[in-house]
Amino acid sequence: MNRINESVPQEFILLGFSDRPWLELPLFVVFLVSYMLTIFDNLAIILVSRLDSKLHTPMYFFLTNLSLLDLCYTTSTVPQMLVNICSIRKVISYGGCVAQLFIFLALGSTECLLLAVMSFDRFVAICRPLHYSVIMHQRLCLQLAAASWISGFSNSVLQSTLTLQMPLCGHKEVDHFFCEVPALLKLSCVDTTANEAELFFISVLFLLIPVVLILISYAFIAQAVLKIQSTEGRRKAFGTCGSHLIVVSLFYGTAIYMYLQPPSPASKDRGKMVSLFYGIITPMLNPLIYTLRNKDVKGAFKRLIARIFLIKK
């Protein structure tokens, strides 16, 4: 029992780029601005999707889920990162690290599935437009969203438990900005081959399979869109689907790079930057991509602002 207690540190040191102090100020500015934009933009999408009755559709129901997820996703890591950049001792408590690992992993896994569900919604809307309201009924939407959240959190319980069971033998310097599975596995003083194999298998399930399903959906969508006679109809379909494809490319591309490439010392710093991209930059860009390329959302914002001014008058 004493050995087990000794192997579990009371706190972890998050190294980040502490060996390059000149990077800390620009990183602090980038993290702070990104976090503020993420909070504002995602809250705005949730608000406008709930208040505007024209957006009470499956597409915006899933978009609201994505915005809520991104809010929690960034909040699980960025505040601690901002505190550590400003501190001399860049530490996080063991409990804080466990919570960060669990939440970040759960929400990341959920987003992998939710983006695939959103592509299925676009597939039905464009390839089966006459049956859309029958297929994508409220109960199915709730079931698909619930399945994404439950699967994501179940995966996190499994992976977090397996990762935290590894003996650390007093090692507590995490060469990362936050507590993530690959970084914590490097602290273990025993062979982690089985854990790495399990992580690779789970990553295939949550990253590669959804990507394949999304690509298949969009192959059918492209076929259907090209058959549309109206130029306006084609433009609208490509605009809506284009937004989703940009989000998919940003999120899955960086996550696959991080979790499915063979470990290599040369890619250590690159891996840190990639994880920052899918953990901070992508959640900030998601609402901007959807709103800037979507007339419905921009129209809803205008109606909401007009309503607020009318109330004030």
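**Exercise 1. Find out where Gly-95 sits, and what it approaches in space.**

Solution. Start with the helix: Gly-95 belongs to H5. This is a predicted model, so take the distances here as those of a prediction. Next, check the cover: Gly-95 has a relative accessible area of 45%. Partly exposed runs between 20% and 50%, so Gly-95 is partly exposed. Now look across the sequence: Glu-11 is 84 residues away along the chain, yet the two C-alpha atoms are 8.1 Å apart.

**Exercise 2. Work out which parts of the chain the salt bridge of Arg-89 and Glu-11 ties together.**

Solution. First, the pair itself: the side chains of Arg-89 and Glu-11 form a salt bridge, at 2.5 Å from N to O. Then place both ends. Arg-89 is in the loop between helix H4 (78-86) and strand E2 (91-93), while Glu-11 is in strand E1 (residues 11-14), so the bridge links parts 78 residues apart in sequence. Finally, the cover over Glu-11: its relative accessible area is 22%, which makes Glu-11 partly exposed.

**Exercise 3. Say how many salt bridges the structure holds, then go through the ones involving Lys-90 and Arg-122.**

Solution. The count is 3. Take Lys-90: its partner is Glu-24, with the closest N and O atoms 3.1 Å apart. Lys-90 lies in the loop between H4 and E2 and Glu-24 in helix H2 (residues 24-51), so this pair ties together parts 66 residues apart in sequence. Are these two buried or exposed? Buried means under 20%; Lys-90, at 11% relative accessibility, counts as buried, and Glu-24, at 18%, is buried too.

Now Arg-122, whose side chain meets that of Asp-121 in a salt bridge of 2.9 Å, N to O. Arg-122 counts as buried at 11% relative accessibility, and Asp-121 is buried at 1%.

**Exercise 4. Describe the largest nonpolar core and the surroundings of Phe-62.**

Solution. Begin with the core: it has 84 residues, and those touching the most other members are Phe-31, Phe-62, Leu-115, Phe-177, Ile-221, Tyr-252 and Tyr-278. Then ask which helix gives the largest share. That is H5 (residues 94-127), with 16 residues. Zoom in on Phe-62: leaving out residues up to four places away in sequence, it touches Leu-114, Val-117, Met-118, Asp-121, Met-136, Cys-141, Leu-144 and Ala-145. Asp-121 is a familiar face here, being the salt-bridge partner of Arg-122.

**Exercise 5. Locate the nonpolar surface patch and compare it with the UniProt record.**

Solution. The patch is made of Phe-201, Leu-205, Ile-209, Val-212, Leu-213, Ile-216 and Phe-220, with about 640 Å² of accessible area together. Pick one member: Leu-213 lies in helix H9 (residues 193-226) and is partly exposed, at 48% relative accessible area. Over to the record: an unreviewed UniProt entry annotates "transmembrane region" for residues 25-48, 60-78, 98-120, 140-158, 200-226, 238-260 and 272-292. Check two of those spans in the model. Residues 25-48 are 100% helix, with end C-alpha atoms 35 Å apart. Residues 98-120 are likewise 100% helix, with the ends 34 Å apart.

**Exercise 6. Sum up the whole protein.**

Solution. Count the elements: 12 helices and 3 strands. Then the cover: 49% of the 313 residues count as buried. For the surface, the accessible total is about 15900 Å², of which carbon and sulfur atoms hold 70%. Last, the contacts: among those with a separation of 6 or more, 79% join residues 24 or more positions apart.

Terms used:
Residues are numbered from 1 along each chain as its sequence is written. This is a predicted model: local features need pLDDT of at least 70, side-chain atom pairs count only at pLDDT 80 or more; totals for chains, interfaces and linings use all residues. Side-chain values use heavy atoms; hydrogens and water are left out. UniProt positions are given in the numbering used here, feature names are shortened, and annotations may be inferred rather than shown by experiment. Helices (H or I, at least four residues) and strands (E, at least two) are DSSP runs, numbered from the N terminus. A nonpolar core is a set of buried Ala, Val, Leu, Ile, Met, Phe, Trp, Tyr and Cys residues joined through side-chain atoms within 4.5 Å. Buried means under 20% relative accessible area, exposed over 50%, partly exposed in between (1.4 Å probe, protein chains only). Contact means heavy atoms within 4.5 Å. Patches are made of residues with over 30% relative accessible area and no salt bridge: like charges are joined within 9 Å, nonpolar side chains (Val, Leu, Ile, Met, Phe, Trp, Tyr) within 5 Å. Accessible areas come from the Shrake-Rupley method with a 1.4 Å probe; for residues, only the protein chains shown count as cover. A salt bridge is a side-chain nitrogen of Lys or Arg within 4 Å of a carboxyl oxygen of Asp or Glu.
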